[in-house]
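Subject: Structure handover

Hello,

Here is the structure I promised to pass on. Please open it alongside this note. My findings follow below it.

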Amino acid sequence: MHRIQVTPAHEIVVDRGCLARLGGLLDGLGVDRPRSVVTNTTVGPLHGVRAAEALGAPAPIELPDGEAYKRWGEVASLFARWLEGGLHRQHTVMAVGGGVVTDLVGFASAVYLRGIRWLAAPTTLLAMVDAAVGGKTGFNLPQGKNLVGAFWPPRLVIVDSESLATLPVRELRAGLVEVVKVAWVGDHVLLDLLARPIAEYGSIPPSAWDDLVVRAVQVKAGVVRKDLRESGARKALNLGHTLGHALEAATEYQRFLHGEAVAWGIQAAARLARNRGLLDQEEMARLCGVLNGLGPFPSVDLIGVDDALDRLALDKKRDDLGVGWVLPTNDGVVLDQRVSADEVRQVLGELKRFG
């Protein structure tokens, strides 16, 4: 078992096979068992039911599956089910699933009865290394991604890497993009683990998956620990997300998985950084080469530049000066870089020719 402390009230446990013995695990850690388990229609039969049974909890609440359902209506439905189940402020709930489930359950927990405790059991690689760690929660609006949310960390994140065996290859590749992101931010050696194409879950030994997840989480936890509410250093973790979120919104969350859109966003940021002299051509090729090895990803050819720019203008991180981009450098990232519309047009044109 690997235990990674983010704050005294926010811990990540990586323990292979733990979903089948959740009750004993929580009892051993001194964490209250949840009274409600929330999953989605895909993860429910694979992991959600098993988790609820291991906890002695009622049958899980199943949300619709997909980014298109990361919306207020699903949050409101959770409130109704929790009230019906008699949940009060001393109770705990658990999210079992990917980033959509953890984001929705985390936000609902933040505002239900003005805040209740929650736990996360992420079952996708993306959620394990990113979405479930750090306490960002929220949902999408038609105008853009994660425009409503709250910082509300889970008491505990429980990572069982065995659940990765049930993921489609496309989901694994998309999740590995977030590993590339944190590797560039804080662990360049981690890129070496990603330098060869991932054909399927079994193409990497189970112990290597554990090592990859632990190292990625350690980077993110270290950043979050310094900046719980994204007022400074934590902005580094938005590498690739400024354009990535715009691409997701411009295609109504139907074309790209989150990690796929972020892959294009990182490549755009790398080209911007190269053009500004922040990133050597060789290092840009290294970063983009690792990302391309995880693809192919859905093309950006059909996305209108003006539509992408309109979505960028609504980015939740904007201020009176516009949107501050995170750009890669040879040894990390630089924050709060203001990027003009002409620069975005140029790099999008490059990406369209490339992909």
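By class, five nonpolar, four polar and four charged residues line the largest cavity. Please keep in mind that this is a predicted model.

**The cavity**

The structure holds one cavity of 30 Å³ or more. The volume of the largest cavity is about 90 Å³. Its lining has 13 residues. Lys145, His245, Ala246, Arg311 and Asp315 are the ones nearest the centre. Three elements each give at least two lining residues: β8 (144-151), α8 (241-250) and α11 (305-312). The largest share is from α8, with four residues.

**The second largest pocket**

This pocket holds about 200 Å³ of space. Its lining consists of Arg35, Ser36, Val37, Pro58, Ala59, Ile61, Arg81, Trp82, Glu84, Gly85 and Leu87. By class, that makes six nonpolar, two polar and three charged residues. Both β3 (36-40) and α3 (72-84) supply at least two residues of the lining. The largest share, three residues, belongs to α3.

**The cores**

Trp82 lines the second largest pocket and also belongs to the largest nonpolar core. That core has 98 residues. Ile12, Trp82, Val213, Leu243 and Trp325 touch the most other members. Which residues does Trp82 contact, leaving aside neighbours within four places in sequence? They are Ser36, Val38, Ile61, Leu87, Val93, Val105, Ala108, Ser109, Tyr112 and Ile116. Of these contacts, Ser36, Ile61 and Leu87 also appear in the lining of the second largest pocket. There is a second, separate core of 20 residues. Its members include Cys18, Leu19, Ala52 and Leu55. As background, nonpolar side chains tend to be buried together in soluble globular proteins.

**Helix α2**

Ala52 and Leu55 of the second core are also among the buried residues of α2. The helix covers residues 43-55, 13 in number. From first C-alpha to last it reaches 17 Å, close to the 18 Å expected at 1.5 Å a residue. Its buried residues are Val43, Gly44, His47, Gly48, Ala51, Ala52 and Leu55. They pack against α1 (22-29), β3, β4 (61-63) and β5 (92-97). Thus β3 is a packing partner of α2 and a contributor to the pocket lining. Gly56 follows α2 and has a positive phi, near 70°.

**Backbone points to check**

Most residues other than glycine have a negative phi, and most peptide bonds are trans. Three places depart from that here.

- Arg114 has a positive phi, near 65°. It is in the loop between α4 (99-111) and β6 (117-122). Is this residue buried or exposed? Arg114 is exposed, because its relative accessible area of 74% is over the 50% cut-off.
- Tyr253 is not a glycine either, yet its phi is positive, about 60°. It lies in the loop between α8 and α9 (258-275). Tyr253 counts as buried, because its relative accessibility is 13% and the cut-off is under 20%.
- Gly295 and Pro296 are joined by a cis peptide bond, with omega about 5°. Pro296 is in the loop between α10 (281-294) and α11.

Two of these loops adjoin elements named above for the cavity lining: α8 precedes the loop with Tyr253, and α11 follows the loop with Pro296. Both helices supply at least two residues of that lining.

Best wishes

Note on methods: Residues numbered from 1 in each chain as written. Predicted model: local features only at pLDDT ≥ 70, side-chain atom pairs only at ≥ 80, totals over all residues. Heavy atoms only, no water. 1 Å grid on protein atoms, 1.4 Å probe; cavity = no way out; pocket = protein on both sides within 12 Å on 5 of 7 lines; lining within 4 Å. Points joined across faces, edges and corners; volume = space filled by probe spheres on them. Nonpolar A, V, L, I, M, F, W, Y, C, P; charged D, E, K, R; others polar. Core = buried A, V, L, I, M, F, W, Y, C linked by side-chain atoms within 4.5 Å. Buried < 20%, exposed > 50% of the residue type's maximum accessible area, 1.4 Å probe, protein only. Contact = heavy atoms within 4.5 Å. Expected span 1.5 Å × (residues − 1).
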